[in-house]
Every structure is written in structure tokens, then in C-alpha cells.
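I opened my notebook to look through this one piece by piece. Here is what I was looking at.

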Amino acid sequence: MNNEIQIFSGDIAGFLDDAAWRFAVKYGGQQTVEIEDAEIFSNFRRRKLTDLLVERQPFGRLETRNLDINEASRAIAADENSKNIDKVDSSERKRVYVALYQNHVPLMDDRGWISYDSDEKEIEGTETLTDKFRDLEEVRKYLEFSKQSSVEERNHDSANLGLDEFYEILSNHRRRYVVEHLKQYGASDLSSTAEFAAAAETGTPQRLLSSDERKKVLVSLHQHHLPKMDEYNVINYGRNTRKKVEPDENFETVAGYVDEDLRYMESGESTVYTDFFQNSLNRVVNSFKD
């Protein structure tokens with residue numbers, strides 16, 4: 001009887017959880033993904049290493065135990081090659097081991113997500129890692145329900161974002177500025193988008209930007225960032241001759257996790273940069289003191 005009650009309660013909890021996420025996807029309200037988090041989670045091997053460390057926790061507790069780097073390499077190689085772990089050959093394991101040892105483990109160690117003992121060749125997760133794992137699980141569920149909502153609302157299969165693409169888009173500040181710009185204005189052109197991003201990047205009012213500052217960001221957006229966002233159907237760009245930048249079918253999925261503090265407000269043609277003018281006022285006041 002107790003088991004039946006527990007199962008029933010679990011079903012209800014699952015239903016309510018699903019309902020909450022459907023509401024969140026439809027009406028927004030997700031938390032912001034930090035650029036550093038997006039940079040780390042944009043790689044499958046780093047996400048899998050996070051999963052492996054958290055899987056080693058005692059039941060019901062978010063605590064991690066040490067993981068041998070060779071064991072981690074075999075597990076990740078098995079996933080990458082769709083094999084059972086005992087079927088992974090030495091070359092597959094070695095390829096992952098080298099990548100972990102030279103790149104992924106040092107990066108995560110440097111950021112304080114893990115601690116690596118080079119003598120014992122053991123990886124230990126930190127409290128930071130368990131916190132980030134919760135965020136990763138939220139994003140997984142968010143994308144899952146975004147996909148379901150997309151199919152239900154549009155009645156067709158759209159090119160939905162996976163974890164790789166989602167985090168890749170958010171891992172660069174210029175792409176986040178593009179998203180923020182379109183959230184404010186709905187649609188734009190290349191020149192205006194680049195000017196907005198350059199101002200946000202430098203903390204300089206748009207009217208005071210130098211031509212070099214504008215051009216550097218414009219070229220970067222045109223040649224790299226906007227085509228990448230277009231490829232993932234986050235924006236529509238390059239499919240017209242006027243270089244118009246418009247939200248596409250995956251825009252809202254990404255926009256729900258972008259909330260940049262750009263330190264300014266725009267109203268018509270006037271731009272007010274709070275930090276800029278505050279610093280100017282401070283300099284004037286201090287000059288009188290001197």
C-alpha cells in the first residue's frame with residue numbers, strides 16, 4: 001500500500017513538474033545562463049564529465065566522489081561511439097583521454113568546478129560543479145519542453161536547438177548582444193545591430209563610437225556570429241540583400257536565457273549610459289575638490 005502511495009505521489013509530482021515547465025516555456029521566466037557556464041557546457045565531453053561526477057554521489061545527496069580520469073575517458077568514449085563501455089577500444093579511449101587531460105580537465109579545474117589530482121589521476125567535483133549541474137538539468141528540461149511546445153504550436157518538426165547549439169550561441173557576448181538587441185527592437189539591420197553591440201561591448205554611447213569600434217564589431221557579426229545564429233535558426237540573416245536581422249523560429253528559446261545588464265537605456269535617439277555619466281559627474285566634482 002505504501003508503495004502504491006509513493007508511486008502515485010511520484011506521478012503527481014512529475015505531472016506538476018511538467019506543467020510548470022510548460023508554463024515556463026510558454027511565458028518565459030528562465031534564469032540567465034552565464035557566459036562562463038555556456039562556454040563549459042557547450043562541449044559534450046565537459047557535460048558528460050559533469051554527469052559522471054554527479055552520478056557518483058550518494059543516493060539523495062548532491063555530493064561527488066572522485067573519478068579516475070581513465071574511467072571517465074572510457075565512459076565518454078562509449079557514449080561518443082554508441083558502444084557499451086567494455087567494447088571501447090584503446091584508440092577511442094586514448095583520444096578522449098588526451099582531450100580531457102590537455103584541455104577539458106585543466107579548464108574546469110581553473111574555473112573551480114573540479115579539482116584534479118595529477119599524481120592519483122583523480123577528478124573530484126566541487127560544490128560549484130553540483131550547482132552548475134542543477135542549471136544544466138534545468139536547461140535540458142527547458143529545451144525538451146521547448147521542442148514539444150514548438151511541435152504542438154507549429155504542427156511541424158522545426159530545427160530545434162540541442163545542448164551544443166544552445167550553449168554555443170550563448171557562450172559569446174556579441175551573440176548575446178544581438179539577442180538582447182532584437183528583444184528590444186524586434187528586427188534590425190546589420191549596421192544598427194553592430195552599433196548596439198559595439199556600444200554594449202565598450203560601454204560607450206553609440207553616438208561616441210569610433211569608426212574602428214563600429215567596423216570591428218560589424219565585420220565580426222557579418223562574417224561569423226550572424227551566419228552561425230542563422231544556421232541554428234535563431235535569427236534570419238543573409239537570406240536577403242538588405243542585411244536585415246530578424247528573429248527566427250528558435251529565437252525565443254535562446255532569448256528566454258539572455259538578460260544582459262548593458263548599463264544603459266535607449267529612448268528614441270537619446271542614449272543614457274548610467275556609468276558613463278556618473279563617472280563624468282564624479283570627475284567634475286573631484287576637480288572642484290582639488
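Is R47 buried or exposed? I looked this up first, keeping in mind that the model is a predicted one. R47 turns out to be buried, with a relative accessible area of 7%; the cut-off for that word is under 20%.

**Entry: the partner of R47**

Next I wanted to know which side chain R47 meets in a salt bridge. I found D164, with 2.8 Å from N to O. I placed R47 in helix 3, residues 44–55, and D164 in helix 7, residues 163–170. The two are 117 residues apart in sequence, so this salt bridge ties together distant parts of the chain. D164 is partly exposed, at 33% relative accessibility, whereas R47 is buried.

**Entry: other salt bridges**

How many salt bridges does the structure hold? I noted 14, and I picked out a few.

One of them joins R111 to E39, where the closest N and O atoms are 3.2 Å apart. R111 sits in the loop between helix 5 and strand 2, and E39 belongs to helix 2 (residues 35–41), so parts 72 residues apart in sequence are tied together here. I checked both ends for exposure: R111 is partly exposed at 27% relative accessible area, and E39 is partly exposed at 30%.

Another pairs E231 with K228, at 3.5 Å from N to O. Both residues lie in helix 10, 3 residues apart, which is about one turn of the helix. I wrote down that E231 is exposed, with 52% relative accessibility, while K228 is buried, with 18%. I also noted a network: D51, E137 and R140 are joined by salt bridges that share partners.

**Entry: the sheet with strands 1, 2 and 3**

In what order do strands 1, 2 and 3 stand in their sheet? I read off 1-3-2, an open sheet with antiparallel pairing. Strand 1 (67–68) and strand 2 (114–117) are the edge strands, and each pairs on one side only. Strand 1 is joined to strand 3, residues 122–125, by 2 bridges, and they run antiparallel. I looked for the bridge partner of L67 in strand 3 and found I123.

I then checked what lies across this sheet. Helix 5, residues 90–110, lies across strand 2 and strand 3, and runs at about 130° to strand 2.

**Entry: the sheet with strands 4, 5 and 6**

I went on to another open sheet of 3 strands, in the order 4-6-5, again with antiparallel pairing. Strand 4 (188–189) and strand 5 (235–236) are at the edges with a single partner strand each, so one side of each has no neighbour in the sheet. Strand 4 pairs with strand 6, residues 244–247, over 2 bridges in the antiparallel sense. S188 has V245 as its bridge partner in strand 6.

**Entry: helix 8 against helix 10**

At what angle do the axes of helix 8 and helix 10 cross? I noted roughly 80°, with the axes of helix 8 (residues 173–185) and helix 10 (residues 211–231) coming within 10 Å. The two helices are therefore roughly perpendicular to each other. On the helix 8 side, R174, R175, V178 and V179 make the contact. On the helix 10 side I listed some of the residues, among them K216, V217, L221 and M229. Sorted by kind, the residues of this contact are 6 nonpolar, 3 polar and 3 charged.

Key:
Residues numbered from 1 in each chain as written. Predicted model: local features only at pLDDT ≥ 70, side-chain atom pairs only at ≥ 80, totals over all residues. Heavy atoms only, no water. Pairing = 2+ DSSP bridges. Helix = DSSP H or I, 4+ residues; strand = E, 2+ residues; numbered from the N terminus. Contact = heavy atoms within 4.5 Å. Axes fitted to C-alpha atoms, helices over the stretch in contact; angles between N-to-C directions. Parallel < 35°, antiparallel > 145°, perpendicular 65-115°, else oblique. Nonpolar A, V, L, I, M, F, W, Y, C, P; charged D, E, K, R; others polar. Salt bridge = Lys/Arg side-chain N within 4 Å of Asp/Glu carboxyl O. Buried < 20%, exposed > 50% of the residue type's maximum accessible area, 1.4 Å probe, protein only.
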